[in-house]
Structures are given as structure tokens and as C-alpha cells.
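Work through the exercises below with the structure open beside you. Try each task before reading its solution.

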Number of protein chains: 2
Amino acid sequence: MTNHLEQKLLSKNIKPTPVRKLVLKKLLDERVAMSLVEIERKLERMDRSSIYRTLRTFEENYLVHAIPDRNGTVRYAVCDDACTCEPRHLHLHFLCLQCNKTYCLTDNPVQIPDLPPGYEVRSADFLIKGICPSCNK
Amino acid sequence: MTNHLEQKLLSKNIKPTPVRKLVLKKLLDERVAMSLVEIERKLERMDRSSIYRTLRTFEENYLVHAIPDRNGTVRYAVCDDACTCEPRHLHLHFLCLQCNKTYCLTDNPVQIPDLPPGYEVRSADFLIKGICPSCNK
DNA sequence: TAAAACTTTGCAACCGGGTTGCATGTATTT
DNA sequence: AAATACATGCAACCCGGTTGCAAAGTTTTA
């Protein structure tokens with residue numbers, strides 16, 4: 001419901017405007033990470049630059065995180081409540097090569113390996129590619 | 001030297017043409033992963049589409065692998081001799097947020113975590129971001 | 001060795017996602 | 001109610017990626 005969306009936005013200090021609520025709703029409903037254009041196509045009446053700026057606002061305020069894929073498109077996924085998007089937070093994602101959906105696998109903890117001295121780690125992305133359960137049956 | 005480049009190309013069944021040798025040389029010399037445009041800027045006289053097609057050929061023949069970053073650009077790095085780019089091969093990369101260079105950390109093994117049943121893993125990318133040793137001193 | 005077939009390269013044009021400037025509309029403050 | 005700030009929509013632009021096509025180079029075949 002709407003209130004839930006508003007609360008989620010407010011909890012990240014984002015003013016709950018109509019556009020923002022719709023974009024957030026879409027991201028939550030689809031339950032997979034979406035790119036700017038994917039969102040644009042699903043929200044027919046909405047202007048691209050509005051979605052673009054909305055996604056930037058979301059990312060700046062740690063409501064979503066970005067997941068780059070091999071073709072140069074970036075998809076966005078809503079951070080779960082525990083996600084702080086802080087340094088050393090590790091995002092684990094699964095991209096299905098068949099249906100092209102990107103799943104967030106938040107409950108699979110991954111260790112960031114020790115690096116040679118001198119490397120200072122700020123964040124990390126782990127993207128696994130393959131076939132997802134629903135394409136696999 | 002040239003012969004080394006030719007051998008590297010031939011070992012992956014790529015005909016060693018002038019353009020290909022130059023692109024490969026540049027990738028090896030710079031020792032960091034480079035995007036299409038980065039290569040284009042370093043190789044002033046060379047046509048973009050030639051570089052583009054060259055990179056595709058390299059990738060198709062497993063001479064380089066692609067590393068997507070957060071802004072939607074894809075960088076290419078020469079696979080080391082052990083790298084087969086096969087399923088289950090895990091690429092570990094480090095992107096410096098300051099100098100924007102991408103390093104291949106091939107000697108840091110990483111385990112692909114166990115996923116929930118139904119997920120079939122084909123490949124994986126692990127991108128760590130932070131500050132590299134030479135920016136860090 | 002010359003012609004035919006194929007591959008590589010360069011040029012130009014295009015495409016499409018991402019980005020920005022600006023004007024209008026909507027909310028917030030005074 | 002006026003002034004200010006913020007959000008939205010539109011249009012235009014930018015730029016990396018991609019493709020079609022013709023010229024140059026290479027390999028094959030007769």
C-alpha cells in the first residue's frame with residue numbers, strides 16, 4: 001500500500017513524491033533489478049529523465065544499489081532493510097542468462113578476500129551468471 | 001616484441017593482423033583493463049569500429065575478458081595464460097576509485113558461494129572498488 | 001600467375017541509453 | 001499572498017556502441 005512506500009522513502013530521507021512512489025513500487029513489485037529503460041517501458045506514461053533523476057536520488061540516499069552487467073547497462077535493486085550500502089558491504093547478485101533478470105541474493109554471505117598490501121577496499125560487487133530456478137525447470 | 005604478440009594471438013586461433021597486434025600490445029603495455037574509448041584515445045590513428053571488432057574477436061576467442069563497471073562502461077583485460085574463461089572460472093578485479101584503473105587480481109582465489117537449489121552457475125565476476133596501492137601512498 | 005573468394009580495415013552513418021537546460025508546475029516557507 | 005525551493009516534463013544533446021558498405025589486403029583455386 002501507499003503508506004508502506006512513503007515510509008520506505010521517508011526512512012531514507014527522500015520526499016515521497018508521486019513519481020518516486022511509482023518507481024519504488026515498480027521496483028518492489030517486479031522483485032528483480034531493473035535498468036532505467038526497463039522501468040521506462042513498464043511505466044509508459046512517465047518521462048525518462050524523471051525516472052533517471054529518481055534513480056539517482058534513490059542511489060544517493062542508499063535506497064537502491066546499482067548492479068552493472070556485461071553489456072554496459074546498469075540495473076537497480078531496492079536495498080533490503082539491513083542493507084546499509086556502506087563500505088565493506090558486499091552485494092551478491094545473480095543474472096539469469098536466459099530471462100535476463102537480476103536477482104539479489106542477500107542472504108548468501110560472501111567474504112571479501114584479502115588483497116595485497118596497499119589496496120584499500122571501499123565496496124564490492126559479486127555478480128554470478130547462469131540459469132535461474134524458474135528458467136531451469 | 002612482435003613475435004610474442006603473434007604467438008599469443010595464434011594460440012587463441014586469431015589471425016595476427018596489424019590492428020590486432022597493436023590493440024593487444026596496448027592492453028598488455030598498460031597492464032590495466034581498458035574500455036573501447038580508452039583504447040581509442042591511446043591509439044589515435046586507429047578507427048573505432050576496428051578496435052570494436054577487434055575486441056569482440058578477442059573476447060569470442062577468450063583472449064580477453066570483459067569487466068563491467070558501475071557507469072555502464074565495459075573494460076577489457078587480457079586473460080593470463082592460465083585463464084580459460086570457462087564456466088566456474090572466477091574473475092577478481094579491482095577498480096580504483098581515484099585513478100579509475102582496473103586491475104586484474106588473478107592470484108587471489110575466491111570461492112563461488114553455494115546458491116539456493118535451482119540456480120545453475122555459468123560464470124562469475126567479482127569487482128572490488130577502492131583505492132589502489134599507487135594512489136594510496 | 002591471374003582470377004575468384006574471403007577477410008580485414010576505414011569511413012560514415014545510425015542507434016539508443018544516459019544526461020542536461022530550461023520552463024512549468026507543485027509544494028514549502030515567510 | 002508572495003517568495004523560495006523543489007519536482008516534473010519536454011526537448012535537445014552527447015557519446016559510446018554498432019552496422020552497412022566499399023576499399024584494401026590476404027588466401028585459395030584453377
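**Exercise 1. The contact between the chains**

How many residue pairs, both at pLDDT 80 or more, are in polar contact between chain A and chain B?

Solution. This is a predicted model.

Step 1. Count the polar contacts. Between chain A and chain B there are ten such residue pairs.

Step 2. Find the elements involved. In chain A, strand E2 (64-68), strand E4 (90-96) and strand E6 (120-131) each give at least two residues to the side that touches chain B. The largest share, twelve residues, comes from E6(A).

Step 3. Look at the charged pairs. Two salt bridges link chain A and chain B. A:Lys129 and B:Asp125 meet in a salt bridge through their side chains, at 2.6 Å from N to O.

Step 4. Widen the view to every contact. Here 40 residues of chain A are in contact with 40 residues of chain B.

Step 5. Turn to area. The size of an interface is often given as the accessible area lost when the parts come together. Chain A and chain B bury about 3200 Å² between them. Carbon and sulfur atoms account for 59% of that area. On the chain A side, A:Arg70, A:Tyr119 and A:Phe126 lose the most area to chain B. Together they make up 19% of what that side buries.

**Exercise 2. The layout of chain A**

Give the number of helices and strands in chain A, and their order.

Solution.

Step 1. Count the elements. Chain A has four helices and six strands.

Step 2. Read from the N terminus. The order is α-α-β-α-α-β-β-β-β-β.

Step 3. Check burial. Of the 137 residues in chain A, 45% are buried.

Step 4. Check the reach of the contacts. Take contacts in chain A between residues at least 6 apart in sequence; 54% of them join residues at least 24 apart.

**Exercise 3. Helix H4 of chain A**

Does the end-to-end span of H4(A) agree or disagree with the expected span, and where do its buried residues lie?

Solution.

Step 1. Work out the span. Helix H4 of chain A covers residues 48-60, which is 13 residues. At 1.5 Å a residue, it should span 18 Å. Its end C-alpha atoms are 18 Å apart, which agrees.

Step 2. List the buried residues. They are A:Ile51, A:Thr54, A:Leu55, A:Thr57 and A:Phe58.

Step 3. Look down the axis. The buried residues of H4(A) fall within an arc of 160°, so they line one face of the helix. A general rule helps here: an α-helix has 3.6 residues a turn, so residues three or four places apart point the same way.

Step 4. Turn to the other side of H4(A). A:Arg53 and A:Glu60 are exposed there.

Step 5. Step past the end. Just after H4(A), A:Tyr62 takes a positive phi of about 60°.

**Exercise 4. Helix H2 of chain A and its salt bridges**

Which residues of H2(A) are buried, and which residue forms a salt bridge with A:Lys21?

Solution.

Step 1. Check the span. Helix H2 of chain A, residues 18-30, has 13 residues and should span 18 Å at 1.5 Å a residue. Its end C-alpha atoms are 18 Å apart, which agrees.

Step 2. List the buried residues. In H2(A) these are A:Lys21, A:Val23, A:Leu24, A:Lys26 and A:Leu27.

Step 3. Follow A:Lys21. Its relative accessible area is 18%. The cut-off for buried is under 20%, so A:Lys21 counts as buried. A:Lys21 forms a salt bridge with A:Glu6, with the closest N and O atoms 2.7 Å apart. A:Lys21 lies in helix H2 and A:Glu6 in helix H1 (residues 2-11), so the pair ties together parts that are 15 residues apart in sequence. A:Glu6 is partly exposed, at 23% relative accessibility.

Step 4. Find a pair inside the helix. The side chains of A:Lys25 and A:Asp29 form a salt bridge, at 2.7 Å from N to O. These two are four residues apart in H2(A), so about one helical turn separates them. A:Lys25 is partly exposed, with a relative accessible area of 40%. A:Asp29 is also partly exposed, at 46%.

Step 5. Add the network. Salt bridges with shared partners join A:Lys26, A:Glu30 and A:Lys42.

Step 6. Leave the helix. A:Arg31 follows H2(A), and its phi is positive, near 65°.

How values were computed. Residues are numbered from 1 along each chain as its sequence is written. Chains are lettered from A and ligands numbered from 1 in the order in which they are written. This is a predicted model: local features need pLDDT of at least 70, side-chain atom pairs count only at pLDDT 80 or more; totals for chains, interfaces and linings use all residues. Side-chain values use heavy atoms; hydrogens and water are left out. The expected span of a helix is 1.5 Å times one less than its number of residues. Buried means under 20% relative accessible area, exposed over 50%, partly exposed in between (1.4 Å probe, protein chains only). The arc is that of the directions from the helix axis to the C-beta atoms. Contact means heavy atoms within 4.5 Å. Buried area is the accessible area (1.4 Å probe) that two parts lose on being put together, summed over both. A salt bridge is a side-chain nitrogen of Lys or Arg within 4 Å of a carboxyl oxygen of Asp or Glu. A polar contact is a pair of N or O atoms within 3.5 Å; within protein, one must be able to donate a hydrogen and the other to accept it, and residues adjacent in sequence count only if both atoms are side-chain atoms.
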